[in-house]
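Reader: I am new to this structure and should like to understand the terms used to describe it. May I put some questions to you?

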Amino acid sequence: MLIVNTDYITGKKLETLSLVKGSTVQCKNVGKDILSGFKNLVGGEMTAYTEMMDEARAIATRRMVEEAQHLGADAVVNVRYASSAIMQGASEIMAYGTAVKFIQE
């Protein structure tokens with residue numbers, strides 16, 4: 001499955017199938033949340049949250065691709081990511097794009 005953030009794929013004619021998306025809500029455990037709180041006092045990267053967001057993007061992307069595969073897509077174009085805070089220490093990540101099939105000429 002080809003995944004791109006452009007609305008085209010060079011050298012391919014595309015047939016639009018549907019919007020596809022994947023999402024997840026992730027949070028860290030209380031211990032890591034407390035340690036990140038201390039980091040907030042002194043500054044610097046909160047690696048526990050960076051790891052959490054990386055994992056969340058991977059899960060959301062996988063779910064988006066699975067939805068596209070279910071439609072018989074060859075690729076997902078114009079892929080975007082969005083995030084929002086659900087509560088302190090928990091975030092939703094959404095991956096979305098347009099599932100397409102390659103048109104044979």
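Reader: Leaving aside its neighbours within four places in sequence, with which residues is Asp7 in contact?

Author: The model is a predicted one. Beyond the neighbours within four places in sequence, Asp7 is in contact with Leu14, Val77 and Asn78. Contact requires heavy atoms within 4.5 Å. Asp7 itself lies in the loop between strand S1 (2-3) and strand S2 (13-27).

Reader: Why is Asp7 called exposed?

Author: The term exposed applies over 50% relative accessible area. Asp7 has a relative accessible area of 57%, and is therefore exposed.

Reader: What makes up the largest nonpolar core?

Author: That core has 15 residues, and Val20, Met64, Ala68, Val76, Ile93 and Ala99 are those with the most contacts inside it. Helix H2 (47-70), strand S3 (75-87) and strand S4 (90-103) each supply at least two of its residues. H2 gives the most, with 8 residues. As for Val20, its contacts outside the four nearest places in sequence include Met64, Ala68, Val76 and Ala99.

Reader: How do you know that S3 and S4 pair?

Author: Pairing requires at least two bridges between the strands. Here 10 bridges join S3 to S4, which run antiparallel, so the definition is met. Ser84, for example, stands opposite Glu92 in S4.

Reader: Why do S1 and S2 stand at the edges?

Author: The open sheet has 4 strands in the order S1-S3-S4-S2, with mixed pairing. S1 and S2 each have a single partner strand, so one side of each lacks a neighbour in the sheet. H2 packs on this sheet, touching S1, S2, S3 and S4.

Definitions and conventions: Residues numbered from 1 in each chain as written. Predicted model: local features only at pLDDT ≥ 70, side-chain atom pairs only at ≥ 80, totals over all residues. Heavy atoms only, no water. Buried < 20%, exposed > 50% of the residue type's maximum accessible area, 1.4 Å probe, protein only. Core = buried A, V, L, I, M, F, W, Y, C linked by side-chain atoms within 4.5 Å. Axes fitted to C-alpha atoms, helices over the stretch in contact; angles between N-to-C directions.
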